[in-house]
Amino acid sequence: MKQFFDLLVVGEGELVLKDAIEYVISSKWEEEKIYCFKQCEDVNFFSNLKTPDFSDIVWSEYLSPVKILPITVQRKCRWSKCDFCAIHSCWTCSAHDRKVSDVVKEIKKYAYEVNANYFRIVDEMVSAEYLYELSSQLIKTGFQIFFED
C-alpha cells in the first residue's frame, strides 16, 4: 500500500486536513508508515466549513462559455443501500443536508464575487423537498440563477 499513498483521510477530509498537514511537517512523520486520520461524526459539519474561493480562477481558460460553479448541499446518501454504489461507505458521517440559508448565502457570494449565475449541484441524491425549499429561497433573492443537471 505504501507505494500508492502516504496519508489516508477517512470521511470528511476538509475538517482534518489541517491536522494531517501539520503532522506531515512535524518531526513525528516517518516516511515508511501510512497514517490514517479519521474524523468523528459531526452533525454540524457543513456549518463549520468555509465556502470555496474561486476568485483566482482564470475563467477564459475553461471550455464552458459561462462560469458554472459546483454547489454541495448534502453529504452521503439517505438510501445507503445500493450495492453498485460506494457513496454510503465512503463517508463516515450519517447523511445530512446543509442549511438552505447557508446554500443561498454561498450562491449570493459567488454571484457578487465572481459574477457567476450558473451552478451545478454536485451531490448524489437531493430530495425533492430540499430542492423545493432551496428554489423558493432563491426566487426570493431576485437573482437570475440557473442550474445544470
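Helices, of at least four residues, and strands, of at least two, are taken here as DSSP runs numbered from the N terminus. On that basis, the secondary structure of this predicted model comes to four helices and seven strands. The elements follow the order β-α-β-β-β-α-β-α-β-α-β from the N terminus on. Of the 149 residues in the chain, 29% are buried. Among contacts with a separation of 6 or more, 74% join residues 24 or more positions apart.

**Strands E3, E6 and E7**

- Strand E3 covers residues 68–71, and strand E6 covers residues 118–121.
- E3 and E6 pair in the parallel sense, with four bridges between them.
- Within this pairing, Leu-69 stands opposite Phe-119 of E6.
- E6 is also joined to E7, in parallel, by three bridges.
- In that second pairing, Tyr-118 has Phe-146 of E7 opposite.
- In a regular strand, side chains alternate between the two faces of the sheet.
- The side chains of E3 alternate, with Leu-69 and Ile-71 buried on one face, while Ile-68 and Pro-70 point to the other and are not buried.
- E6 likewise has alternating side chains: Phe-119 and Ile-121 point to one face and are buried, whereas Tyr-118 and Arg-120 point to the other and are not.
- The opposed residues Leu-69 and Phe-119 are each buried, Leu-69 in E3 and Phe-119 in E6.

**Helix H3 and its surroundings**

- Helix H3 runs over residues 100–113.
- The 14 residues of H3 should span 20 Å at 1.5 Å a residue, and the 20 Å between its end C-alpha atoms agrees with this.
- The buried residues of H3 are Val-100, Asp-102, Val-103, Val-104, Glu-106, Ile-107, Tyr-110 and Ala-111.
- Among the elements that cover these buried residues are strands E3, E6 and E7 (146–148), together with helix H4 (128–141).
- Val-104, which is placed in H3, counts as buried because its relative accessibility is 8%, below the 20% limit.
- Apart from neighbours within four places in sequence, Val-104 is in contact with Leu-134, Gln-137, Leu-138 and Thr-141.
- Val-104 and Thr-141 are 37 residues apart in sequence, and their C-alpha atoms are 8.6 Å apart in space.

**Helix H4**

- Glu-133 has its place in helix H4.
- Glu-133 has a relative accessible area of 34% and is therefore partly exposed, as this value lies between the limits of 20% and 50%.
- Glu-133 and Ser-101 are 32 residues apart along the chain, with 9.7 Å between their C-alpha atoms.

**The loop after H3**

- Asn-115 follows H3 and lies in the loop between H3 and E6.
- The phi of Asn-115 is near 55°, a positive value in a residue other than glycine.
- Asn-115 counts as exposed because its relative accessibility is 61%, over the 50% limit.

**The largest pocket**

- The volume of the largest pocket is about 300 Å³.
- The pocket is lined by 14 residues, of which Leu-49, Lys-50, Pro-52, Arg-98 and Glu-106 are the closest to its centre.
- Strand E3 and helix H3 each supply at least two residues of this lining.
- By class, the pocket lining has six charged, five nonpolar and three polar residues.
- Glu-106 is one of the buried residues of H3 and is also among the lining residues closest to the centre of the pocket.

**The largest cavity**

- One cavity of 30 Å³ or more is found in a search of the whole structure.
- The largest cavity holds about 30 Å³ of space.
- Its lining consists of Val-73, Gln-74, Arg-78, Asp-97, Val-126, Ser-127 and Tyr-130.
- Three nonpolar, two polar and two charged residues make up the lining of the largest cavity.

Conventions
Residues are numbered from 1 along each chain as its sequence is written. This is a predicted model: local features need pLDDT of at least 70, side-chain atom pairs count only at pLDDT 80 or more; totals for chains, interfaces and linings use all residues. Side-chain values use heavy atoms; hydrogens and water are left out. On a 1 Å grid over the protein atoms alone, a cavity is a set of points where a 1.4 Å probe fits but cannot get out, and a pocket is an open set with protein on both sides within 12 Å along at least five of seven lines; lining residues have an atom within 4 Å of a point. Grid points are joined across faces, edges and corners, and a volume is the space filled by probe spheres set on the points. Ala, Val, Leu, Ile, Met, Phe, Trp, Tyr, Cys and Pro count as nonpolar, Asp, Glu, Lys and Arg as charged, and the others, Gly among them, as polar. Buried means under 20% relative accessible area, exposed over 50%, partly exposed in between (1.4 Å probe, protein chains only). Two strands pair if DSSP finds at least two bridges between them. The expected span of a helix is 1.5 Å times one less than its number of residues. Contact means heavy atoms within 4.5 Å.
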